[in-house]
There are 2 protein chains.
Amino acid sequence: MKYIVVLSGGMDSATLLYDLAQQRAAVRALSVDYGQRHVRELGCAQLLCSLLGVEHRLVDLAGLRPLLAGSSQTDDTVAVPEGHYAEESMKLTIVPNRNMILLALAGAWAISTKSDAIAYAAHAGDHAVYPDCREKFVSALAQALHLADWHSVAIVRPYISLTKADIVRRGITLGVPYQHTWSCYKGGAVHCGKCGTCTERREAFELAGSKDPVLYEEG
Amino acid sequence: MKYIVVLSGGMDSATLLYDLAQQRAAVRALSVDYGQRHVRELGCAQLLCSLLGVEHRLVDLAGLRPLLAGSSQTDDTVAVPEGHYAEESMKLTIVPNRNMILLALAGAWAISTKSDAIAYAAHAGDHAVYPDCREKFVSALAQALHLADWHSVAIVRPYISLTKADIVRRGITLGVPYQHTWSCYKGGAVHCGKCGTCTERREAFELAGSKDPVLYEEG
């Protein structure tokens, strides 16, 4: 199987990259700068691929930013909310149509490299706030991608039944260097520890009974 | 109704832009530089929008080019084929996953501007060679877009039952300045008259009994 992995540089996609690489699958990784607030995670993506010897493409699409107004992740006038994902304010972190854009770009590269599938690290915990993490969204998009070319490309989500804690457990057995992953929405010198994704990351490591090797602002 | 029109600057999308603008719909137009062989049509798109006073966004995504290898439109190592669309060589002009990428980007802008629909100028003549012009591809993608956000965006294709000649007839009654549209795949000083899209354009004007105001290389 030949895969294109959608690699943000966060802990989930990093784990997936290691997973597929260790299965000796043919893997290419795609990261996209879509004008997000910071590019800390993209640096991690690049480093992980060079550690593994995986072909990596980092595409500069920062020109997209004007299309993505209103999200704290792509619009400097909107502050990053703090707290847990269940909170209404977390909706501010939704980037309009992000998943369709990422999968469309990965689909293009998959078609031109005659890859079999796009792999991405959707998991059991990430559907609550984000409309484009819903199962039925992905099913419809997978159907569209299947029809987008004469050569058919699938979408696979190996972690769809795993929680974030399960992913950490798996990553530890795979030897994922989590110190070289980035989750925080804010992009400071160290992880803030308070935004939605920091909150989830800390919980995941705690539930997995493991110490998160990244540094946090407080404690 | 609030629309995002996918505007290439070719004759079909130019006609659609004039059509919606004259229906006094709220219209924004999106054009994308995805690293195509030439940008003649993007200049046309810009001019048409300024003539109509329509908000236009031209997004520079030329960084996409490395993902789109193998197409004559985005890969300098592949020559533009000549002749009619029915020919096998025309498959070289397929840009991998282009329609999904364009619709995904238009979808993002539609979501962030709370528009009701994306309008694009698919027509009855353009499904033969391009897999992502097939009805079932668009249906699946429309379903995905409907689910991509809490605010639902539709995809409309007002010309899906029209031939290219029908579009020319309609455009003439709307007063579309076809001299400010660009179709030729090659992007020279004038239209080559021989590539697939020039061939179709000439046929369309001939069938509509009208003179095409653009200049062609020979005659």
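In chain A, strand S4 (residues 117–119) is joined to S5(A) by 3 bridges, and the two strands run parallel. This is a predicted model. Its two chains, A and B, are superposed by a rotation of 180° with 0.0 Å of shift along the axis, at an RMSD of 0.0 Å. The two copies are thus related as by a two-fold rotation axis. The points below treat the sheets, the contact between the chains and the packing of helices.

**The sheet of chain A**

- The pairing of S4(A) with S5(A) places A:Ala117 opposite A:Ala154 in S5(A).
- Chain A has an open sheet of 5 strands, in the order S3-S2-S1-S4-S5, with parallel pairing.
- Strand S3 (55–60) and strand S5 (154–156) of chain A stand at the edges of this sheet; each has a single partner strand, so one side of each is left without a neighbour in the sheet.
- From one strand to the next, the twist in the sheet of chain A averages 25°.

**The sheet of chain B**

- In chain B, 5 strands form an open sheet in the order S3-S2-S1-S4-S5, and the pairing is parallel.
- Its edge strands are strand S3 (55–60) and strand S5 (154–156) of chain B, each of which pairs on one side only.
- The twist in the sheet of chain B averages 25° from one strand to the next.
- Strand S1 (residues 2–6) and strand S4 (residues 117–119) of chain B run parallel and are joined by 3 bridges.
- B:Ile4 has B:Ile118 in S4(B) as its bridge partner.
- Helix H1 (residues 11–22) of chain B lies across S1, strand S2 (26–33) and S4 of chain B, and runs at about 165° to S1(B).

**The contact between the chains**

- Between the two chains, 35 residues of chain A are in contact with 35 residues of chain B.
- On the side of chain A that touches chain B, S3, helix H3 (98–112) and helix H4 (135–147) of chain A each supply at least two residues.
- H3(A) gives the most to this side, with 9 residues.
- By class, the residues on the side of chain A that touches chain B comprise 23 nonpolar, 6 polar and 6 charged.
- Both copies use the same surface, since 100% of the contact residues of chain A recur in chain B.

**Helices H1 and H5 of chain A**

- Helix H1 (residues 11–22) and helix H5 (residues 164–174) of chain A cross at roughly 45°, and their axes come within 10 Å.
- H1(A) and H5(A) are therefore oblique to each other.
- Their crossing is left-handed.
- From H1(A), the contact involves A:Met11, A:Asp12, A:Thr15, A:Tyr18, A:Asp19 and A:Gln22; from H5(A), it involves A:Ile167, A:Arg170, A:Gly171 and A:Leu174.
- This contact of H1(A) with H5(A) has 4 nonpolar, 3 polar and 3 charged residues.

**Helices H5 and H6 of chain B**

- Helix H5 (residues 164–174) and helix H6 (residues 196–207) of chain B pack at an angle of about 60°, and their axes are 8 Å apart.
- That angle makes H5(B) oblique to H6(B).
- The crossing of H5(B) and H6(B) is right-handed.
- B:Lys164, B:Ala165 and B:Val168 in H5(B) meet B:Glu200, B:Ala204, B:Phe205 and B:Leu207 in H6(B).
- The contact of H5(B) with H6(B) divides into 5 nonpolar, no polar and 2 charged residues.

Definitions and conventions:
Residues are numbered from 1 along each chain as its sequence is written. Chains are lettered from A and ligands numbered from 1 in the order in which they are written. This is a predicted model: local features need pLDDT of at least 70, side-chain atom pairs count only at pLDDT 80 or more; totals for chains, interfaces and linings use all residues. Axes are lines fitted to C-alpha atoms, for helices over the stretch in contact, and angles run from 0 to 180 degrees between N-to-C directions. Helices (H or I, at least four residues) and strands (E, at least two) are DSSP runs, numbered from the N terminus. Angles under 35 degrees count as roughly parallel, over 145 as roughly antiparallel, 65 to 115 as roughly perpendicular and the rest as oblique. A crossing is left-handed if the near helix is turned anticlockwise from the far one by less than a right angle, and right-handed if clockwise. Two residues are in contact if their C-beta atoms, placed from the backbone, lie within 7 Å. Ala, Val, Leu, Ile, Met, Phe, Trp, Tyr, Cys and Pro count as nonpolar, Asp, Glu, Lys and Arg as charged, and the others, Gly among them, as polar. Two strands pair if DSSP finds at least two bridges between them. Copies are superposed by least squares on the C-alpha atoms of residues with pLDDT of at least 70 in both.
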